[in-house]
Amino acid sequence: MAEISNANGTIFGPNVFVFDPHMPMAAIQDKVTSIFKQMEANEFGAERYALLFKPGTYNILFDVGFYTHVAGLGKNPDDVLIEGGVNVPAYWMPRRNATCNFWRTLENFAINASPATNNTTTIAVSQAAPIRRMHVRSSGGLWLFQVDPDSGAGGWASGGFMADSVVDHLVLPGSQQQWLSRNNKYGSWANGVWNMVFVGDANPPSQHDFPKTPYTTIERTPVIREKPYIHITDEGQYEVFIPALQNNTQGPSWVNGNATPGTSISINEFHIAHETDASAASINAALNAGKHILFTPGIYKLQDTLHVKNANAVILGLGQPSLTPVNGRPAISVADVDGVTIAGLIIDAGRATSPTLIEVGPQGSVANHAANPTFLYDLTVRTAGHCGNDVGIIINSHNVVGDQLWLWRADHGEGAAWNSNPTKNGVVVNGNDVTIYGLFNEHHKEYQTLWTGDGGRLYFYQSEIPYDPPDQGSWMCGSTNGFASYKVADKVTRHEAWGLGIYSYFRDSPTKLENAVEVPEAPGVKLHHLTTVWLTGRTGSEISHIVNGLGDRVYANSPESAMRQTMAEFPCAP
């Protein structure tokens, strides 16, 4: 019988536990339970873990806390079955509030929940908690929130992402406010609150009753390469599977007896970085030698920018690793080359202000990458207290695809305040024909999103504008109240976006925002299903219009029309 003591003795280092179905189940249960107890409320802690399961069945039931990455090592999700359950609860916050359940990952395994959880899988999360390549077999379905037992009401939950997955039975969002579902299949979808977007799902709910039912449905996903993942061969060798580029897809990539198309790369082609001895110099040397990079769990202080110069380079994070530039430089800079992958990382601003934290292509990039785009997956760009950067991600290359990005200027935590963690923009898109699925972009001091490139496409937008302007005069765009959350530059002639939600909580002053969205009025610029919500805030605060001076204001919690306003289409139908 395999020994649990060997679980974290692999090439991935001591914070990656590789479990084998021949290990004692009680020992595995004890280990995963102890990690959850450590990580349940560890919102800004330094610890990081990955829990990897070799193919087989595991009779265990456990919860997943902060900075924990749970993944199966099979080629397909059903190769690993957790027969008992895996859940993300919100016990640590009052009233089962899940609005701070960030930074964790579930991917590439199957779950069958036991009677201990009413045969139900609960994943009560908000941003930066992706669900990928999952098969939820639980007869009670998948719940995206948690019920507060004292009140019987659903605890708040605020935004999530699921892709390339199957839920055999019901998906119940409950009190979950917004969600992006991409290339999934489910028994049924029960409800929505404010903004639910479905792209390329096999059987999505109808959008025809918007805004009464807050659904936005796009039949097919125009371009996608699913996120790479680690698996183990029959010979016990680790490989990274790189899914193939696909166009106009619908449903998961691996169902009906099909395997996800793509190719595997030996782990020997990766430089495996460990926080104990990695440096920007050693990582750049590996990149220059043609290696891919695998970051194991940890926090990496970078004395220099990581320069990605080679086409098809893969930069992959395992266990929520954090990269922090310490000299006011970008953390990662990508040349204007084909097919780069950056996935599964937290990029933290440092104390010295960086102009940007990730730069994809230098300014003035011109190459066409439509046949082999660069992909950005599951990235958090975070500006915590006493840190700063001008822009989170600048995309200069053409044809880049983003898949679940969270750009967050911290609204809470030590040192988070108007003047002590400044950022200007979350994302600036200068490249043409850029596509983003799931853009979560919040609290920056100017435009949250500034899109200057032509041919952009956005599917699902969640944006809280800054909580903390001290007064209106501190937050003005020239003579206009505030900066639009979503700004498309006047020169743009082609742009389309679906399912935009912009939310206000002016905590510190009665601030007003003139327009949630500003776009040029051109025939090729189209917006579908826009929502503004006044969450709470100082009396006198408001979002005055939805887009370009159109749409009524939101300014109070009641009546309903004072809290939420919607627009089905822009330009509006005559």
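Student: How many helices and strands does the secondary structure of the protein chain have?
Tutor: Count each kind of element along the chain. This is a predicted model. Its protein chain has 3 helices and 45 strands.

Student: How compact is the protein chain?
Tutor: Compare its radius of gyration with a rule based on length. The radius is 22 Å, close to the 25 Å that the globule rule gives for 574 residues, so the chain is as compact as a globular protein of that length. The C-alpha trace spans about 70 × 55 × 45 Å along its principal axes.

Student: What share of the residues is buried?
Tutor: Buried means under 20% relative accessible area. Here 61% of the 574 residues are buried. The chain exposes about 19,300 Å², and carbon and sulfur atoms supply 49% of that area.

Student: Why look for nonpolar cores?
Tutor: In soluble globular proteins, nonpolar side chains tend to be buried together. In this chain, the largest nonpolar core has 88 residues. F19, F53, F62 and W189 have the most contacts inside it. Strand β2, residues 49-53, gives the largest share of this core, with 5 residues.

Student: Which residues is F53 in contact with, leaving aside neighbours within four places in sequence?
Tutor: Look for partners further along the chain. They include F19, I28, Y58, I60 and F62. V70, L73, V80 and I82 are also among them.

Student: What other core lies apart from the largest one?
Tutor: Another core has 76 residues, including L407, V428, W451 and A516.

Student: How many charged side chains are there?
Tutor: Count both signs, then compare their centres. There are 36 positive and 52 negative side chains. The centres of the two sets lie 2 Å apart.

Definitions and conventions
Residues are numbered from 1 along each chain as its sequence is written. This is a predicted model: local features need pLDDT of at least 70, side-chain atom pairs count only at pLDDT 80 or more; totals for chains, interfaces and linings use all residues. Side-chain values use heavy atoms; hydrogens and water are left out. Helices (H or I, at least four residues) and strands (E, at least two) are DSSP runs, numbered from the N terminus. The radius of gyration is taken over C-alpha atoms; the globule rule is 2.2 Å times the number of residues to the power 0.38. Buried means under 20% relative accessible area, exposed over 50%, partly exposed in between (1.4 Å probe, protein chains only). Accessible areas come from the Shrake-Rupley method with a 1.4 Å probe; for residues, only the protein chains shown count as cover. Lys and Arg count as positive and Asp and Glu as negative; His and the chain ends are not counted. The place of a charge is taken as NZ of Lys, CZ of Arg, CG of Asp or CD of Glu. A nonpolar core is a set of buried Ala, Val, Leu, Ile, Met, Phe, Trp, Tyr and Cys residues joined through side-chain atoms within 4.5 Å. Contact means heavy atoms within 4.5 Å.
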